[in-house]
Each structure stands twice: as C-alpha cells, then as structure tokens.
Amino acid sequence: MRSRQAIALFALVGFFVALYLWLHALGVGGTLKCGTGACETVQTSRWAVFLGLPVALYGVVGYLLIFVVAVVALRPAALAERRWNALLAGLSTIGVLFTAWLTYLELFVIHAICRWCVGSAVIITATWIVAVLSLRSPALRTDPAASPLPRDRPA
Amino acid sequence: MNRFYVVLAVLAVVLGITLFVLLRPSSGAAKAAAGPPPSVVDDGFRGYTLGVGDPVVEITEYSDFECPFCANFATIQMPTIKEQLINTGKVRWRFRDFPLPSHRYSRYAAHAAQCAGEQGKFWDMHDQLFYHHQWAQTGKDPSALFRDFAKTIGLDPQRYEACMTAGRFASRIEFSRQEGDRLLVNGTPTFFINGKMFNGSRATSDTFKAIADSIIAHTPPAPRAPAHH
C-alpha cells in the first residue's frame, strides 16, 4: 500500500511539472522559469515535438495515467491484487525509457539541459524504482489461513 | 488511509497555486531593446564584417533575424560563401540590420546580436539566432531563449542583461534600418555588391561566387610599388 501511495504522490508532482511545460508550449504564461538551465533551448528545439504533439503532453497524459492507476489500486478491494503493481511497473517503465531517450537528446544532441526535464526525470525514475520494488514485496495476505486473525482463546 | 487523501489534496492545491504563480506573465522582452528608439544617433558603426586581407569585392547584406529567407540564406548558403569567398580573401561580408515592421521580435533579436557584438561575439549570436530559428515561428517571447544563446556562446550574462535592458543599441539598429530605407531596401535579405543593389533573396552561393569571380577578373591588379635599383 505504501508503494502505491508513494507512486500516487510522485505522479501528482510529475503531472504538475509536465502540465507547466505543456501550458508553456501552448503559449500560456510568460517565459519558462528556469534558473541557470537552458529550458528555452530545449523547449524550442525540434525534439520538443514528438509525433506532432508537444513532448510535455505525453508527460501530462503519462503521469495522469499513473496517478489514476495508483489511486484506483489503493481501493481496499484492490489492495491485495498484485496485478496493479505490475501495471504500475509497466507504465513507469515506459515513462522511464521515454525519459531516458529525452535526456540523451538533451545531453548529446541539443547540448542543453532543462531543469524541469531533469526534475521530471528524477520523479519518473523514483516512481519506477518504487514500482519495481513493489513487485518483489510479498502480497498483502487476505487468506485467513495464511494470516490468522486473533481468535478467542479457549479458557 | 483518509489521512493520505488529505495529504494528496493539500499537495494538489499547493502545486496548483505554484503553477498559477509560475504561469504569470513575466516582464518579457525588454521594451527598450524590442522597439524603435525615441531618437536616432549615428554612432559611426557600419556593421560587423567578415573577411581577410583587402578584398576587391564587398558584399553588404541587409537582413532581419526573424525572416525565414534570411535564416535559410545564413544556414544553407553562407557556410559555402564563407569557405569559398570570405576565407579565401575574395570577399568582405558586411551585415546590416533591417528589421521589418511585420516581425515582432526582429529588433529584439538584432539587439541581442549587437549586445553579443559588444562582447566580441556578434557572429556567434548571429549563428545562434539563425541556426535555432524555431523561435521565429512560435510568436512567443524569446527573451529567455536568447539568454540561453548568450550563455551558450559564453557571454557575460550580467553585461548582456544590462545591455538588453538599457536598449543600448536600439538607435544603432534604427540607424541601419533607415540607411536601408534610403538605399531602397524593401525586403530581406537584400545585398549590395560593391555598392550596387543585388536583390538576390534566393540567390545561391554559386551566384555570389560567379559575381565575385567576374568582378575580380575585371579588376586591374593593384599597381606594384616601384622597384628600387
């Protein structure tokens, strides 16, 4: 349960980071607040668009999906179901691979680093680590035989 | 469990407020650098040049950093021109600003190049502006991107910022534009080859090579100093 809660929190933060970059790509607001990074160089490069859509939009959709799955998996009825862990691990793996490709482009093709992208990379990597570790953790036991509930002892 | 949803809701509100603050429009492109100056003064500057030696051919280019033809010319034709004509000492190339009124940020871009020129890096900024020309198609405030360019080419960021905020070269850019007006420049890029207008906005490097070679072939060699016996 803890891992799903952590994933939901990470995904929520990641969603807002991606939302900021996507709204900026749509022309909402002023310049990107980037500190010492080179966000505009990255965001205006031709790599900022993938299959005709801003890269940040994939982030918005991806994080939202992970968030929704994590929250749904937190329902009491779903807590014991391990398939949710597998689904979260699968989604975050796609995210981490996509992010790895984008980070490669930043470092070796665009030669500029966007702090927000680095932030998102850290978030999705943390999500992925938690999701993968959750696959190894034992399932929540609901079988009374396996996890005996306290019973009244005979006097 | 309920406590977790409270944490989630509080976090969402905090992040939403942060997003709202981040999206508030900033001061953006400095007005002094983005618009025409209140008055125009001739500071004696006649454009940055490229070239070696004392070539017999001088080509002056009136250009606009936001103009797509100028970007095509700078990125496609100019490398060959540099290699064949400028670096070989055949041609001196002079760059003059001619920001078109239809382009929102061309004065601002010209100003960024001048502020880079103040630090000895005009041509580096010229290349940044033309080789990353996506900024000219988005219509968005490019001030942060130009700041990135300044960092990339190694400008002192504080000097660059002060130059842009003050609009230090706005008058110089307007002087160049008015000069273009007087010479009947009506589009960009427009070239003057040894002072004669050549409206070759789609000319290739081969065209310039042919013209330069022709001028050189028809120019009598400079008289040699008399030999002393």
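Me: How many residues are in the largest nonpolar core here?

Reply: The largest one has 90 residues, and A11(A) and A112(B) have the most contacts inside it. A nonpolar core here means a set of buried Ala, Val, Leu, Ile, Met, Phe, Trp, Tyr and Cys residues joined through C-beta atoms within 7 Å. Buried means that 20 or more other C-beta atoms lie within 10 Å of a residue's own; with 12 or fewer it is exposed, in between it is partly exposed, and the C-beta atoms are placed from the backbone. Keep in mind that this is a predicted model, where local features need pLDDT of at least 70, side-chain atom pairs count only at pLDDT 80 or more, and totals for chains, interfaces and linings use all residues. Residues are numbered from 1 along each chain as its sequence is written, while chains are lettered from A and ligands numbered from 1 in the order in which they are written.

Me: Which element brings the largest share of that core?

Reply: That's α1(A), with 15 residues. Helices (H or I, at least four residues) and strands (E, at least two) are DSSP runs, numbered from the N terminus.

Me: And what does A112(B) touch?

Reply: Setting aside residues up to four places away in sequence, A112(B) touches M125(B), L129(B), F146(B) and M164(B). Two residues are in contact if their C-beta atoms, placed from the backbone, lie within 7 Å.

Me: How many residues of chain A are in contact with chain B?

Reply: 23 residues of chain A, and they meet 23 residues of chain B. On the chain A side, α1 (2-25) and α2 (39-43) each supply at least two residues. α1(A) gives the most, nine residues.

Me: What kinds of residues make up that side of chain A?

Reply: There are 13 nonpolar, seven polar and three charged residues. For that split, Ala, Val, Leu, Ile, Met, Phe, Trp, Tyr, Cys and Pro count as nonpolar, Asp, Glu, Lys and Arg as charged, and the others, Gly among them, as polar.

Me: OK, confidence. What's the average pLDDT for chain A?

Reply: Chain A averages 83, and 83% of its residues score at least 70. pLDDT is the predictor's confidence in each residue, from 0 to 100. Among the elements of chain A, α2(A) has the lowest mean, 75, and helix α3 (residues 55-72) the highest, 95.

Me: Where does chain A drop below 50?

Reply: Over residues 146-155 of chain A, a stretch with three contacts in the model beyond near neighbours in sequence. Where pLDDT is low, the predicted coordinates should not be read in detail.

Me: Switching to chain B, how many helices and strands are there?

Reply: Chain B has 10 helices and five strands. Of its 229 residues, 38% are buried.

Me: Take α10(B). Which of its residues are buried?

Reply: F208(B), I211(B) and A212(B). They cover an arc of only 95° around the axis, so they sit on the same side of α10(B). The arc is that of the directions from the helix axis to the C-beta atoms. These buried residues pack against β2 (57-63), α3 (68-86), β3 (91-97) and β4 (190-193) of chain B. The face turned away from them carries the exposed residues D206(B), A210(B), S214(B) and A217(B).

Me: What about K90(B), is that buried or exposed?

Reply: K90(B) is buried, because 21 other C-beta atoms lie within 10 Å. K90(B) lies in the loop between α3 and β3 of chain B. Leaving out neighbours within four places in sequence, K90(B) is in contact with P55(B), V57(B), L85(B), A212(B) and I216(B).

Me: Any odd backbone spots? Which residues does the cis peptide bond join?

Reply: T188(B) and P189(B), with omega about -5°. P189(B) sits in the loop between α9 (170-182) and β4 of chain B. Most residues other than glycine have a negative phi, and most peptide bonds are trans.

Me: And what's the phi of L51(A)?

Reply: Phi of L51(A) is near 50°, a positive value in a residue other than glycine. L51(A) is in the loop between β1 (49-50) and β2 (53-54) of chain A, and counts as exposed because it has 6 C-beta neighbours inside 10 Å. H111(A) also has a positive phi, near 60°. H111(A) is found in the loop between α4 (83-110) and α5 (115-136) of chain A.
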